[in-house]
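Hi there,

Here is the structure I promised to pass along. Have a look at it first, and my notes on what turned up follow below.

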Amino acid sequence: FWASWCAPCRIEAPILDELAKRDGMTLYGIAYKDDVDLARNFLDEFGNPFVHIVADNDGRGAIEWGVTGFPETFVVDGDGIIRAHYAGPLTDQIVEDIILPAAGM
């Protein structure tokens with residue numbers, strides 16, 4: 001979950017770009033209550049690590065996932081099971097300690 005208006009999302013953007021380059025890692029983005037043009041501009045400026053993006057225009061998706069802030073990252077396996085959940089911008093250390101192990105990497 002991310003948004004163009006989210007300052008921590010800007011900090012996290014380069015980490016997501018690097019994560020998306022890893023073999024076997026597929027990133028999906030959910031744009032939370034964002035303007036389409038502003039979201040596109042954000043991705044043009046910071047890069048688009050996502051293979052697919054959906055819009056959570058009314059915030060219902062964030063509620064259903066239990067999102068408490070932005071950005072938030074979920075690692076979901078091929079069976080749809082959430083293996084990790086991290087609230088806040090990813091760092092290299094969080095990727096190494098939490099995200100990659102949860103993704104089986």
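**Arg40 and Ser4**

Let me start with a residue on the outside: Arg40 has a relative accessibility of 51%, and because the cut-off for exposed is over 50%, Arg40 counts as exposed. Please keep in mind that this is a predicted model. Arg40 belongs to helix α2. Its partner in this little story is Ser4, which sits 36 residues away in sequence, with 8.5 Å between the two C-alpha atoms.

Is Ser4 buried or exposed? Ser4 counts as buried, because its relative accessibility is 7% and buried means under 20%. You will find Ser4 in the segment before α1, the helix that covers residues 7-20. Setting aside neighbours within four places in sequence, the residues in contact with Ser4 are Arg10, Asp34, Leu38, Ala39 and Phe42.

**The chain as a whole**

Stepping back, the chain holds four helices and four strands, and along the sequence they come in the pattern α-β-α-β-α-β-β-α. The radius of gyration is 13 Å, close to the 13 Å that the globule rule gives for 105 residues, so the chain is as compact as a globular protein of that length. If you want dimensions for setting up a box, the C-alpha trace spans about 35 × 30 × 20 Å along its principal axes.

Of the 105 residues, 37% are buried. Among contacts with a separation of 6 or more, 62% are between residues 24 or more positions apart.

**Aromatic pairs**

A pair of aromatic rings is described by the distance of the centres and the angle of the planes. How many aromatic pairs does the count give? The count comes to nine. In one of them, Phe1 and Phe74 have ring centres 6.0 Å apart and planes at 70°, so this pair is edge-to-face. Phe1 lies in the segment before α1 and Phe74 in strand β3 (residues 72-76), so the pair ties together parts that are 73 residues apart in sequence. Both partners count as buried: Phe1 has a relative accessibility of 10%, and Phe74 has 17%.

Another pair, Tyr32 with Phe70, is stacked, at 4.2 Å centre to centre and 25° between the planes. This pair, too, links distant parts of the chain, since Tyr32 is in strand β1 (residues 28-32) and Phe70 is in the loop between α3 (60-65) and β3, 38 residues apart. Tyr32 counts as buried at 15% relative accessibility, whereas Phe70 is partly exposed, with a relative accessible area of 21%.

There is also a cluster, in which ring pairs link Trp2, Phe42, Phe46 and Phe50.

**The cavity**

Those cluster residues come up again here. A search of the whole structure finds one cavity of 30 Å³ or more, and the largest cavity holds about 70 Å³ of space. Its lining includes Trp2, Phe42, Phe46 and Phe50, along with others, among them Cys9, Glu12, Leu16, Asp17 and Pro49. Helices α1 and α2 (36-46) each supply at least two residues of this lining, and α1 gives the most, with five residues. By type, the lining residues divide into nine nonpolar, one polar and two charged.

**The pocket**

The largest pocket may be of interest if you plan to look at open space on this model. About 600 Å³ of space lies in the largest pocket. Which residues are the closest to its centre? Of the 26 that line the pocket, they are Thr26, Leu27, Tyr28, Phe74 and Val76. The elements that give two or more residues to this lining are α1, β1, β2 (52-56), β3 and α4 (92-102). Strand β3 gives the most, with five residues. The lining of the largest pocket divides into 18 nonpolar, five polar and three charged residues.

Phe74 ties two of these sections together: Phe74 is in the edge-to-face pair with Phe1, and Phe74 is also among the residues closest to the centre of the largest pocket.

Best wishes

Methods
Residues are numbered from 1 along each chain as its sequence is written. This is a predicted model: local features need pLDDT of at least 70, side-chain atom pairs count only at pLDDT 80 or more; totals for chains, interfaces and linings use all residues. Side-chain values use heavy atoms; hydrogens and water are left out. Buried means under 20% relative accessible area, exposed over 50%, partly exposed in between (1.4 Å probe, protein chains only). Contact means heavy atoms within 4.5 Å. On a 1 Å grid over the protein atoms alone, a cavity is a set of points where a 1.4 Å probe fits but cannot get out, and a pocket is an open set with protein on both sides within 12 Å along at least five of seven lines; lining residues have an atom within 4 Å of a point. Grid points are joined across faces, edges and corners, and a volume is the space filled by probe spheres set on the points. Ala, Val, Leu, Ile, Met, Phe, Trp, Tyr, Cys and Pro count as nonpolar, Asp, Glu, Lys and Arg as charged, and the others, Gly among them, as polar. Rings of Phe, Tyr and Trp (its six-membered ring) pair if their centres lie within 6.5 Å; planes under 30 degrees apart count as stacked, over 60 as edge-to-face and the rest as tilted. The radius of gyration is taken over C-alpha atoms; the globule rule is 2.2 Å times the number of residues to the power 0.38.
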